[in-house]
Amino acid sequence: MVVLQLRKGVQNASALGTELDGALGDAATASALSHKTALEIRYLDECATKVEICTALCHQLDTANLDPDAVRSLRKAYAGTQTAVIDLPDELAAKALKLGHLRVGWVRCRVHERAMASRCFCCWELNHVAARCVGPDRSKLCYRCGQDGHRAKTCRNAPVCLLCQGPDASGHATISPSCPLVKKFLSSRR
């Protein structure tokens, strides 16, 4: 496998990928990758589909057809609404964020960038990954109570956060959205 990395700002990367694919024939395949941004679309109607979301994006962002697979997830939210997570190329994502809202059917939906937290699967700390981990190995512990021998799925113990390690540690599980450390980390990334 050979990876060619072009300088930032090259306009014709997809054309180069197509040319290389044609030149290589059946011997190999070539494709151009682009950096994508994850957006969250909230307050969708409960009947909205992935195809409707992509059609609305194409119409309002003045772009060619988007593949419905760009919608990573479509899940139920409160009050009969849905929330979608969609991966768009950076240029289209910037246009969508500038609009701030997207009309899907009869509903005007809010669009914002999805805050993603990198988390180590070894020590469960935020902002690094297991390849660069120097913390304790918690990979075999329960996410809910922090004890060994069972998983969070079957845990009956009271929740305890192993990251807080203070008076706020009880009452929520590790990496819970209610954890003050997780809230602080996510608010700093927005």
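Let's start at the surface: Tyr78 is exposed, with a relative accessible area of 56%. This comes from a predicted model, and Tyr78 makes a handy way into its aromatic contacts.

A search of the whole structure turns up two aromatic pairs. In one of them, Tyr78 meets Tyr43 edge-to-face. Tyr43 sits in strand β1 (residues 36–45), while Tyr78 belongs to the loop between β2 (71–76) and β3 (81–89), so this contact ties together parts that are 35 residues apart in sequence. Tyr43 itself is partly exposed, at 32% relative accessibility.

The other pair is stacked and joins Trp124 to Tyr143. Both residues lie in the loop between β5 (107–113) and α4 (180–189), so the pair ties together parts that are 19 residues apart in sequence. Trp124 counts as buried because its relative accessibility is 1%, under the 20% cut-off. Tyr143, at 32% relative accessibility, counts as partly exposed.

Here is the ring geometry in brief:

| Pair | Centre to centre | Angle between planes | Type |
|---|---|---|---|
| Tyr43 and Tyr78 | 6.4 Å | 80 degrees | edge-to-face |
| Trp124 and Tyr143 | 4.5 Å | 25 degrees | stacked |

Now for a region with an annotation. An unreviewed UniProt entry lists residues 142–157 as "domain: CCHC-type". In the model, this span is 0% helix and 0% strand, and the C-alpha atoms at its two ends lie 10 Å apart.

Terms used:
Residues numbered from 1 in each chain as written. Predicted model: local features only at pLDDT ≥ 70, side-chain atom pairs only at ≥ 80, totals over all residues. Heavy atoms only, no water. UniProt positions renumbered as here; feature names shortened; annotations may be inferred. Helix = DSSP H or I, 4+ residues; strand = E, 2+ residues; numbered from the N terminus. Phe/Tyr/Trp six-rings, centres within 6.5 Å; stacked < 30°, edge-to-face > 60°. Buried < 20%, exposed > 50% of the residue type's maximum accessible area, 1.4 Å probe, protein only.
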